[in-house]
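Got the model open in your viewer? Let's walk through it one selection at a time.

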Amino acid sequence: MKWTESDIEVYAKEREYVDTAVVPLIPISLTSNLKSTVSMGEYINIISNELERQLKGRLLLVPAFTYLQSETQDSRTERFKKIEDELTDGGMKHIITLTSDVDWKQSEEHLSSGLLWMPAIPLEHMDEQHKVETISAQIKQVLQFVTNKWQSSIKG
Amino acid sequence: MAKKKEVTRRQFLNYSLTGVGGFMAAGMLMPMVRFAIDPLLKEKSKQDFVPVMETSEITNQPVRKEFKIDQVDGWYESEVTQSAWVYKDEKDEIVALSPVCKHLGCTVDWASNPAYPDQFFCPCHAGRYTKDGVNVPGTPPLAPLDVYNKKVENGKLYLGKPEPR
């Protein structure tokens with residue numbers, strides 16, 4: 001479900017069925033590596049929207065967590081933990097964070113959520129058809145990750 | 001006494017005032033009336049059909065086809081990806097089902113659960129549908145999958161909007 005009033009209404013009614021939050025991690029910078037920063041954000045945006053479309057009924061796509069490229073990894077992690085806590089308190093059993101920024105790999109162990117790092121694929125020179133195919137191939141992997149997470153929680 | 005055909009000053013003023021007033025009233029009322037009956041005059045928005053695939057490619061095994069439609073959402077125009085499960089049924093008729101689960105809107109997958117190889121399966125809450133899109137009782141969905149409006153032209157399958165059954 002998306003972070004919109006109409007979807008949240010459904011969420012409020014069907015809370016027991018929605019146990020997974022998806023948080024895209026999106027870097028901001030205008031001074032250094034402008035283009036790569038933007039492409040990370042764009043790519044993760046596309047992936048998280050597509051993921052939401054496929055698994056709408058059990059996911060809540062929350063607004064992206066944004067941070068400055070210049071912010072230290074410790075401080076980002078500290079801030080992000082608060083969001084994780086809020087989501088867990090709100091009843092989310094699984095939190096999935098999507099990022100293209102390799103820096104987050106360092107703090108993976110400090111996070112309670114499943115961090116999914118995927119390098120941004122430059123989409124700008126692809127034609128439409130190719131783009132759709134590339135994204136849906138990527139999405140398959142992400143879906144696998146998410147459904148595995150769900151299944152392992154049933155067993156565990 | 002004035003001659004029969006002659007218009008008096010008073011009459012002339014009366015006529016011209018009603019005339020001008022009438023125009024002014026009409027000028028105000030016309031747009032209002034137009035607004036009021038506008039929904040009736042509006043052409044029914046044309047059903048947009050989108051070419052999806054060649055009919056010769058369709059087999060009796062459901063395949064998922066993605067296509068894009070333009071969606072206007074308030075002021076926000078966007079291209080939305082939609083999918084359909086397309087196959088031929090026993091009577092050799094083309095069926096195009098919407099993959100949106102009637103429970104909470106996940107995307108269902110054909111035969112993705114090894115335990116149910118001939119059913120649509122929803123990964124979110126294990127909802128199931130038989131091949132014709134009818135929900136399996138006892139699983140979360142309460143209605144069958146939507147069916148796309150479709151037409152075939154020049155060997156191509158065109159899909160319109162999904163309609164609930």
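Start by selecting Arg15(A): this residue counts as partly exposed because 13 C-beta neighbours fall inside 10 Å. For that label, a residue is buried if 20 or more other C-beta atoms lie within 10 Å of its own, exposed if 12 or fewer, and partly exposed in between, with C-beta atoms placed from the backbone. Arg15(A) sits in the loop between helix 1 (5-13) and strand 1 (20-28) of chain A. (Helices, H or I and at least four residues, and strands, E and at least two, are DSSP runs numbered from the N terminus.) Now add Gly91(A) to your selection: Arg15(A) and Gly91(A) are 76 residues apart in sequence, yet their C-alpha atoms are 8.2 Å apart in space.

A word on what you're looking at: this is a predicted model, where local features need pLDDT of at least 70, side-chain atom pairs count only at pLDDT 80 or more, and totals for chains, interfaces and linings use all residues. Residues are numbered from 1 along each chain as its sequence is written, while chains are lettered from A and ligands numbered from 1 in the order in which they are written.

**Zoom out to chain A**

Show chain A as a cartoon and you'll find 4 helices and 5 strands. Followed along the sequence, they run α-β-α-β-β-α-β-β-α. The radius of gyration of chain A is 16 Å, close to the 15 Å that the globule rule gives for 156 residues, so chain A is as compact as a globular protein of that length. (That radius is taken over C-alpha atoms, and the globule rule is 2.2 Å times the number of residues to the power 0.38.) The C-alpha trace of chain A spans about 45 × 40 × 35 Å along its principal axes, and 29% of the 156 residues are buried. Among contacts in chain A between residues at least 6 apart in sequence, 69% join residues at least 24 apart. Here, two residues are in contact if their C-beta atoms, placed from the backbone, lie within 7 Å.

**Where the chains meet**

How many residues does each chain bring to the contact? Chain A brings 11 residues and chain B brings 10 residues. On the side of chain A that touches chain B, helix 2 (34-54) and helix 4 (128-155) of chain A each supply at least two residues. Helix 4 of chain A has the largest share, 3 residues. Colour that side of chain A by residue type and you get 3 nonpolar, 4 polar and 4 charged. (Ala, Val, Leu, Ile, Met, Phe, Trp, Tyr, Cys and Pro count as nonpolar, Asp, Glu, Lys and Arg as charged, and the others, Gly among them, as polar.)

**Over to chain B**

Chain B has 1 helix and 9 strands, in the pattern α-β-β-β-β-β-β-β-β-β. The radius of gyration of chain B is 30 Å, well over the 15 Å that the globule rule gives for 165 residues, so chain B is more spread out than a compact globule. Its C-alpha trace spans about 105 × 40 × 30 Å along the principal axes, and 22% of the 165 residues count as buried. Try colouring chain B by domain: the assignment, which is automatic or from a database, gives domain 1 (1-42) and domain 2 (50-163). The centres of these two domains of chain B, taken over C-alpha atoms, are 59 Å apart.

**A hairpin in chain B**

Next, pick strand 3 (residues 76-88) and strand 4 (residues 94-97) of chain B, which pair in the antiparallel sense over 4 bridges. (Two strands pair if DSSP finds at least two bridges between them.) Lys88(B) stands opposite Ile94(B) in strand 4 of chain B. There are 5 residues between the strands of this hairpin, and Asp92(B) takes a positive phi near 70 degrees.

**Last stop: Val108(B)**

Select Val108(B), in the loop between strand 4 and strand 5 of chain B. Is Val108(B) buried or exposed? With 28 C-beta neighbours inside 10 Å, Val108(B) counts as buried. Beyond its neighbours within four places in sequence, the contacts of Val108(B) include Pro99(B), Phe120(B) and Tyr129(B). Finish with Gly127(B), 19 residues from Val108(B) along the chain, with 8.4 Å between the two C-alpha atoms.
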